[in-house]
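Visitor: I'd like to walk through this one and ask why things get the labels they do.
Guide: Sure, have a look first.

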Amino acid sequence: MSIVKGKHIILGVTGSIAAYKVAELARNLTLDGAIVDVIMTAAAQRFVGAATFQALTGRPVLDDMWALPEDGVVGHVSLGQHADLLVIAPATANTIARLAAGLCDDLLTTTALATSAPILIAPAMNPHMYEHPATQANIALLRQRGVTILEPAYGRMAEPVIGRGRLPEPAIIEAEIRALLGRTCGPLRGRRVVVTAGGTHEPIDPVRFIGNRASGRMGYAIAAAARDRGASVTLISGPATAQPPAAVTLIRVETALDMQREVVSAIASADLLIMNAAVADFRPATASEHKIKKGDDEELTIRLVRNPDILASIAHRRDLVKIGFAAETHDLLTYAHEKLERKGLDMIVANEAVASIGAEDIQMILIDAQGVERLPQLPKPVAAERLLDAIIERFAARLRAPEIGSMTTEE
Ligand code: C5P
């Protein structure tokens, strides 16, 4: 289930030309099941009409501190108190300054002051205004108080200036919202998860390599699903064509040996490793320093040597929950069972190699000490959600964060 479903999100929109971009954010969150209340400042309404957000969220846009609801309860305070998250995007230098000063002279700043929900701010402004020491000091102060503030993107502004000040893409803001909600109430909050994805490139010479068709789609979806459940995610990705998720720590690698080094370092403090990468079993014994010329040769022999088996090399880490993948073209279950044993895994995800590598969908068979569960053919993002839920359920004692409110010292 999506982490935003049923959550009450307040979206504060302030006076920046980037205001039109968050219409898409309001729409996506609403379609995903969130209750989105939009608060617009007076300046925001000069850029985008309230009717746009009203139509997209199906709820009235709020802008007046003095418009008391019919029951007479002080609306501007109760709004913030019932929220799961306050997002301010785009946030102008002026709004950031007013938040840092603790002012509460409009509905948005009052709500920010009255809420105990996490606050996420996505600044957007002229690059000189962003870099100004006053703005930087305000941002540092808000961060110190626990507010999450995204870095604006670098690029061309509405006026003919290039610099850092653009609103991050709505997809990035959405990923940060999911991560923040996950860290507040997701079952993996406080846990560290390492995911590997993509393939590897084993160099033959400076321009050629041995590789495979892995797209990264499955591993990236797994990393996003772990992030949405509250985990701090390190995604170690070999070469891949898919778009990696935001709000995770992304480490890019080329070869199996690079991947082994990064996995060993990342798992030192991890609770869960999901090894989805299609790691090359062999690499050229030596990579030629110069581009290999064909000359008059009719044949070329490249001697291959074995790559280390990353999972098998960390079999001694019994405390770490370890999940492997087995993509096979035949005798799927036999090979998968053998790998579960030999690599010392807690679970292996068997799948048919030709159908799943590089594809949009996957049909997974989950195999662990308890037995075999076949899942239907699913789009990879949906399959990743199902996989994470199965892992959390099966290894709850080692992974699940305590229920909120049950962290008590009483016997
Ligand atoms: O042995 P095979 O490559 O089929 O095993 C697949 C599983 O082992 C995957 O989880 C893959 O990421 C992992 N693997 C590994 N090191 C290798 C090759 C595969 O950890 N050198």
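**Labels and their reasons**

Visitor: How do you know that the span of helix 14 (residues 380-394) agrees with its 15 residues?
Guide: The expected span is 1.5 Å times one less than the number of residues. For the 15 residues of helix 14 that gives 21 Å, and the end C-alpha atoms are 21 Å apart, so the two agree. Helices here are DSSP runs of H or I with at least four residues, strands are runs of E with at least two, and both are numbered from the N terminus.

Visitor: What sort of model is this, and how are residues numbered?
Guide: It's a predicted model, where local features need pLDDT of at least 70, side-chain atom pairs count only at pLDDT 80 or more, and totals for chains, interfaces and linings use all residues. Numbering runs from 1 along each chain as its sequence is written, and side-chain values use heavy atoms, with hydrogens and water left out.

Visitor: How many helices and strands does the protein have?
Guide: There are 15 helices and 19 strands. The C-alpha atoms fill a box of roughly 80 × 60 × 40 Å along the principal axes.

Visitor: Why is Arg-317 called buried or exposed?
Guide: Buried means under 20% relative accessible area, exposed over 50%, and partly exposed in between, with a 1.4 Å probe and protein chains only. Arg-317 has 15%, so it is buried. Arg-317 lies in the loop between helix 11 (310-313) and strand 16 (321-328). Buried residues make up 49% of the 411 in the protein, and those of helix 14 include Leu-387, Leu-388 and Ile-391.

Visitor: And what about His-82: buried or exposed?
Guide: His-82 has a relative accessible area of 58%, so it counts as exposed. His-82 lies in the loop between helix 3 (75-81) and strand 3 (85-91). His-82 and Thr-111 are 29 residues apart in sequence and 10 Å apart in space, C-alpha to C-alpha.

Visitor: What makes Phe-282, Leu-300, Ile-302 and Leu-304 a nonpolar patch?
Guide: A patch takes residues with over 30% relative accessible area and no salt bridge; nonpolar side chains (Val, Leu, Ile, Met, Phe, Trp, Tyr) are joined within 5 Å, like charges within 9 Å. A salt bridge would be a side-chain nitrogen of Lys or Arg within 4 Å of a carboxyl oxygen of Asp or Glu. Leu-300, for one, is exposed at 56%, and it is found in the loop between strand 14 (282-284) and strand 15 (304-306). Together the four have about 350 Å² of accessible area.

Visitor: How do you know that Met-275 makes a polar contact with the ligand?
Guide: For a ligand, a polar contact is a pair of N or O atoms within 3.5 Å. A polar backbone atom of Met-275 is 2.7 Å from a ligand oxygen; for Leu-311 the distance from a polar backbone atom to a ligand oxygen is 2.9 Å. The protein covers 89% of the 440 Å² of accessible area that the ligand has on its own, by the Shrake-Rupley method with a 1.4 Å probe.

Visitor: What makes Ala-247 and the bond between Ala-89 and Pro-90 worth a mention?
Guide: Most residues other than glycine have a negative phi, and most peptide bonds are trans. Ala-247, not a glycine, has a positive phi of about 60°, while a cis peptide bond joins Ala-89 and Pro-90, with omega about -10°. Pro-90 lies in strand 3.

Terms used
Polar contact = N/O pair within 3.5 Å; in protein donor to acceptor, adjacent residues only side chain to side chain.
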